[in-house]
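Student: I would like to take a close look at a single part of this model, and to follow it through to whatever surrounds it. Could you go through it slowly?

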Amino acid sequence: MIVRSQDDVTSDALAAMERTSDARLREILTSLVKHLHGFIREVRLTEDEFRQATALLNEMGKLSTDTHNESVLMAGSLGVSSLVCLLNNGDNGNSETSQSLLGPFWRLNSPPVANGGTIVRSDTPGDPLLVAGRVVDLAGKPIAGAEVDIWHASPIGLYENQDPEQADMNLRGKFTTDGNGRFWFKTVKMVGYPIPTDGVVGRLLKAQNRHPYRPAHLHALIVKEGFKVLISQVYDPEDPHIDTDPQFGVTTALLGAFARHAEPHPSDPEIRPPWYSLDYTYVMERGETRLPAPPIN
């Protein structure tokens, strides 16, 4: 492997990748070298630019903490997270899917909540939102006993781990679907919010004249043995940034109907108008049940 020209670097690196014993890892590394070397040649990457790129990677690592994951944020901001999601779901990208981005704010061990309960755990001003969800398989058959982990940002656009004014696990809860595959709960209507812009991702958005505002959405992570873990986000189509999500996560299948009600609730006098309701059906695909690693603690 004595390099005689720049072309030898690629051929020698590919030869080294071919020695990888694991077949799938060999496929990934070989393709990575081909595309990465091709990219460098296409843009004629300078030495200064290369040093800047490695410095950015180091900076993203240093910015990742127990409450923030800059690398996940960057993957979303480049459309990588959404592309990987859509390629691996919905019949391998051939049909609509309830699957979406995990995002950087999912936490393990959300407290269990009975159906009909609330996930509001501290004083959280905002319009009431009643959510009625249903979990079904591809044939529309209800899935009973599914574990549904719910989380969302507050009406001021912050998750509880970002906001010392909120109680721990505020606006988070774990439900179990009944025999009809249904779950339901009370919360407050979320709003859109800016992704963190004080790091590498913020500088990227500024350089591209892109805004940082994600449209309002409700997260769910649904687990049932025998099915692929369903990670989903349901978006409010009335949000002003619904067409310009900086994380490229909005699909037509994930648009929910957040219905506004100006009249009093018909059976619960504590729910004062205006209040909102959301009915949404989550569709799970059969497959291996593998829980993702949480991006934060």
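Student: In which sense do β7 and β8 pair, and over how many bridges?

Tutor: In this predicted model, the pairing of β7 with β8 is antiparallel and runs over six bridges. To take one position, A220 has S232 in β8 as its bridge partner. The two strands belong to an open sheet of four strands, whose order is β3-β2-β7-β8 and whose pairing is antiparallel. At its edges stand β3 (172–176) and β8, each of which pairs on one side only, and from one strand to the next the twist averages 20°.

The strands also lead to the largest pocket, since β7 (217–223) and β8 (230–235) each supply at least two residues of its lining, as do α4 (70–77) and α5 (80–87). That pocket holds about 780 Å³ of space and is lined by 32 residues, with V84, S100, L102, I231 and P292 lying nearest its centre. Sorted by class, its lining has 17 nonpolar, 11 polar and four charged residues.

The second largest pocket, with about 640 Å³ of space, has 18 lining residues, and the closest to its centre are F39, A53, T54, L56 and L57. Two or more residues of that lining come from each of α2 (23–43), α3 (47–63), α4 and α7 (200–207), and α3 gives the largest share, eight residues. By class, the lining of the second largest pocket has 15 nonpolar, two polar and one charged residues.

Notes
Residues numbered from 1 in each chain as written. Predicted model: local features only at pLDDT ≥ 70, side-chain atom pairs only at ≥ 80, totals over all residues. Heavy atoms only, no water. 1 Å grid on protein atoms, 1.4 Å probe; cavity = no way out; pocket = protein on both sides within 12 Å on 5 of 7 lines; lining within 4 Å. Points joined across faces, edges and corners; volume = space filled by probe spheres on them. Nonpolar A, V, L, I, M, F, W, Y, C, P; charged D, E, K, R; others polar. Pairing = 2+ DSSP bridges. Axes fitted to C-alpha atoms, helices over the stretch in contact; angles between N-to-C directions.
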